[in-house]
Amino acid sequence: MQEQNIHPFRTLFARILLPAILFCTGGGLQTARAQQWDNYRSNLRDRNVKIDKTNLPIVFIRTGGKEIQRNNYIQARMKVIDNGPGQENHGDTLAYPNQKTDYEGYIALKYRGNTSFDMSDKKPYQFRTLKTGTLPDNGGEKQKVDILGMGKDNKWAFIAPWSDKTMFRDILAFELGRPWMDYVPEGRFCELILDGTYYGVYVLCERISKGKTRLNLHDPGADGGDLTGDYHVEIDRNDQANYTSSYHPWSNANGTQRNDRWIKYQYKEPDNDDFASLPSGTKAAINEEIRKMEAAFYNSNYKDPAKGYRRYIDPVSFMDYMLSTELSMNVDGYRLSTNLYKYSETRAKQEGLDSRWKMSLWDYNIAYANANYNNGTSTDLWGYMFNERNYDEEMVPFYWYRLMSDPDFVDNLKARWMEYREGNHSDRRLFATIDSLATLLTSDGAQERNQRAWQIIGQNVWPNAYVGNTYADEINYLKDWLRRRLTFMDKQLLPPLPPRKLAAVAVKPECFNQDVVAERAPAMQTTTTIMDGAGRTFYADTYRKMGGFPADRRITSGNFNLLRKGETMTYELAPYDGNNVLYLHRSEGLTTATAELEQPVSTSEFFFLCTAGNGTGTVDVRVNYTDGTTEETKGISIHDWSVRNPGANETSQAFGNVSRADDTMSDDAHDRLFDYSVLTDGDKEIASVTFTSQTNDPMISIFAFGCVTGTSSAIEVVDQEQRGELSPIVGIYTLDGRQLDRPGRGINIIRYADGTSKKIIFK
């Protein structure tokens, strides 16, 4: 990649990601394939992919004919080619013999991962760098090395992007968290050739371990025999030696316990094999440090600064983990692959360290709306409340409820989130980071080669919630989802923005294609279709008062996840005696419907009122402007109408249903409508909006529309030369709540340090 083609964030990502790894055999490529279906389950679609040149490091690993194992290391040899930032790396090492070798030597290699191994054809690995070709179990020595600019260590991993078709969700989480946390692993994209066969894009990554360039942990007892210890544990499954918590998970903030579930802390540093060579009582000491921390949360005085949880954890580190996990809506967050570490009290006093438990980040490949279970695509729920919604073997520890019931912790969390949004989590910087990562993988063909090898784009792979037809679709889906997630977190954690003026938007009546509201009996004659697989539909209050749609056809939403404090949106429904919804049902061939506006509108946010039956539906929304341009938001999840738990984007009302076949009424009125929105270009006029269903069985009905029309308070007009008078500013926002790094043309909401705010137009 030539320097002039590198994104402005090139310097950061060259340092972090540009190195590429090739596995070579000392001169040519080894063609023997030791890895077969019985131990690798390899399902490469194309085994003949070759690398001509790449901006990533190219990697050759050769096993010498040995099969890679899951539980035991094998000896292998690895060579890493990296000619440096902005330079090409070539796959033909004979034609290009003078390339820079970043690392060449022996490694101990095996598979790694749980679901990332079991559910992926493209397998992840871990390896140890060795001094010689002899494994440590046979008397060989491990060797700490610096690979691709990452600090010296001998524990490494190859992350294998599979279900994550962007291939960078893990790296995105690491890079967003790195400025805030004491330690976050570093990773470098590379392309891997194993025993002569191209296996695609991988991430050569640090493992969270004790090394000086990582957690920098001492052996237990090393600091004057202190067994308050340097320790690293991981909350995870019951598949390794662990400490089982004395406290059960809670199902809500009231402390209702799940007595058949336990929290397990796996021993990592030291691990279970190390205890025999460490001071007597080391395992018991680790257990005691965990027990004291949890007990401090459980006690009634848990908020006490001296005696409560603050004595045992670093609250800021826990905030940083929480914000990373919540932003990504990581379905495994808090309960799996959750790393905690600490330093001994003696060492902390000697070196000026903090001896309290801290956290790091790991395993975000099915985060950021890449999981189709456990509410993985929701933008309007809190991840730490997982136990209230899901009954899983591994549960979120109770102490996250304790933290969120402490007003001081919550206030500090809000302040921390404001720091994030003013830093690398601002919209501009966050989306520039995503664009840089995508460009890194596409600019020199790495993503295309990976696609040829695996043909994964366009395929539904567990646990994908969205399947794009192109790599660009996958990137757009991630960005669209993140915009909605940021909006939710901003509304929950930042000071409230002033209300806006909202209004209904009229569409041409002929756009509605079905009637799902029975205005009188029999419903078979006054509707045209059903709302769910049980053959039921809505009804008007002229059919039955209880649970009926209102006679004036106006429905007012108080959706606190979508609207600001003090705002309401009143939608106007189409008449009940004709077609009154845009109806989508792919199984019937009704895949796309377009709402043509009666009059074009200019707005920063476009709303729609809808529901789904027969399961949660997913739609793509394309805004069509009068100038011929379009803007698309992908993968909006529309909840099933039978939802009974408030908090999921529903309006403030609930309705009944009736059987279309025999007019049998529902037992209660709990069926719900939901409203959602898409951000739009306020400088353009919207002519129409097209909805496309991405799910076969759900029946999606879109009833009405609305938009932001203006603000309810005075707006001050400021010329360019007046900008210097606005200090001290603590936040700048668009009308739709997105944070900016600097004022832009048009209306800006400016927040000042004294707590006041103004709406200002910059010319």
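**Notebook: loops, rings and a small sheet**

I started at Asn216, which I found in the loop between strand E10 (197–206) and E11. Helices and strands here are DSSP runs, numbered from the N terminus, with at least four residues for a helix (H or I) and at least two for a strand (E). Before going on, I noted that this is a predicted model, where local features need pLDDT of at least 70 and side-chain atom pairs count only at pLDDT 80 or more, while totals for chains, interfaces and linings use all residues. Residues are numbered from 1 along each chain as its sequence is written, and side-chain values use heavy atoms, with hydrogens and water left out.

**Odd backbone spots**

Back to Asn216: I get a positive phi of about 60 degrees, although the residue is not a glycine. I flagged that because most residues other than glycine have a negative phi, and most peptide bonds are trans. Asn216 is partly exposed at 27% relative accessibility; the scale is buried under 20% relative accessible area, exposed over 50% and partly exposed in between, with a 1.4 Å probe and protein chains only.

Ala369 is another non-glycine with positive phi, near 65 degrees. I located Ala369 in the loop between strand E15 (358–359) and helix H8 (386–389). Is Ala369 buried or exposed? Ala369 is buried, at 0% relative accessibility.

Then I looked up cis peptide bonds. One joins Glu269 and Pro270, with omega about -5 degrees, and Pro270 sits in the loop between E13 and H5. Another joins Trp462 and Pro463, also with omega about -5 degrees; Pro463 is in the loop between helix H12 (446–454) and helix H13 (471–493).

**Helix H5**

Next I followed the chain from Pro270's loop into H5. H5 (residues 282–298) has 17 residues and reaches 24 Å from first C-alpha to last, close to the 24 Å expected at 1.5 Å a residue. That expected span is 1.5 Å times one less than the number of residues. I listed the buried residues of H5, among them Ile286, Ile290, Met293 and Phe297. What covers these buried residues? The cover includes strands E11 (231–235), E12 (242–244), E13 (264–269) and E14 (338–342), plus helix H9 (399–404).

**Rings**

I count 43 aromatic pairs in the structure. Rings of Phe, Tyr and Trp (its six-membered ring) pair if their centres lie within 6.5 Å; planes under 30 degrees apart are stacked, over 60 edge-to-face, and the rest tilted.

I opened Tyr111 and Tyr125: the ring centres are 5.5 Å apart and the planes are at 25 degrees, so I file the pair as stacked. Tyr111 is in strand E6 (residues 101–111) and Tyr125 in strand E7 (residues 125–129), so the pair ties together parts 14 residues apart in sequence. Both rings belong to buried residues, with Tyr111 at 2% and Tyr125 at 1% relative accessibility.

Phe608 and Phe691 have centres 5.1 Å apart and planes at 65 degrees, so this pair is edge-to-face. It links distant parts of the chain, 83 residues apart: Phe608 in strand E23 (residues 605–613) and Phe691 in strand E29 (residues 686–693). Phe608 is buried at 0%, and Phe691 is buried at 0% too.

I also noted an aromatic cluster that includes Phe297, Tyr298, Tyr399 and Trp400.

Two lysines caught my eye. Lys122 lies over the face of Tyr202, at 5.2 Å from the ring centre, and the charged end of Lys123 is over the ring of Phe117, 4.3 Å from its centre. The criterion is NZ of Lys or CZ of Arg within 6 Å of the ring centre and within 35 degrees of the ring normal.

**A three-strand sheet**

I traced an open sheet in the order E17-E18-E27, with mixed pairing. Its edge strands are E17 (517–518) and E27 (658–659), each pairing on one side only. Pairing needs at least two DSSP bridges between two strands. E17 and E18 (residues 536–539) pair in the parallel sense over two bridges, with Tyr539 in E18 as the bridge partner of Ala518. E18 and E27 pair in the antiparallel sense over two bridges, and Arg536 stands opposite Ser659 in E27.

**Totals**

I closed with the whole protein: 14 helices and 35 strands, and 60% of the 763 residues buried.

How values were computed: Contact means heavy atoms within 4.5 Å.
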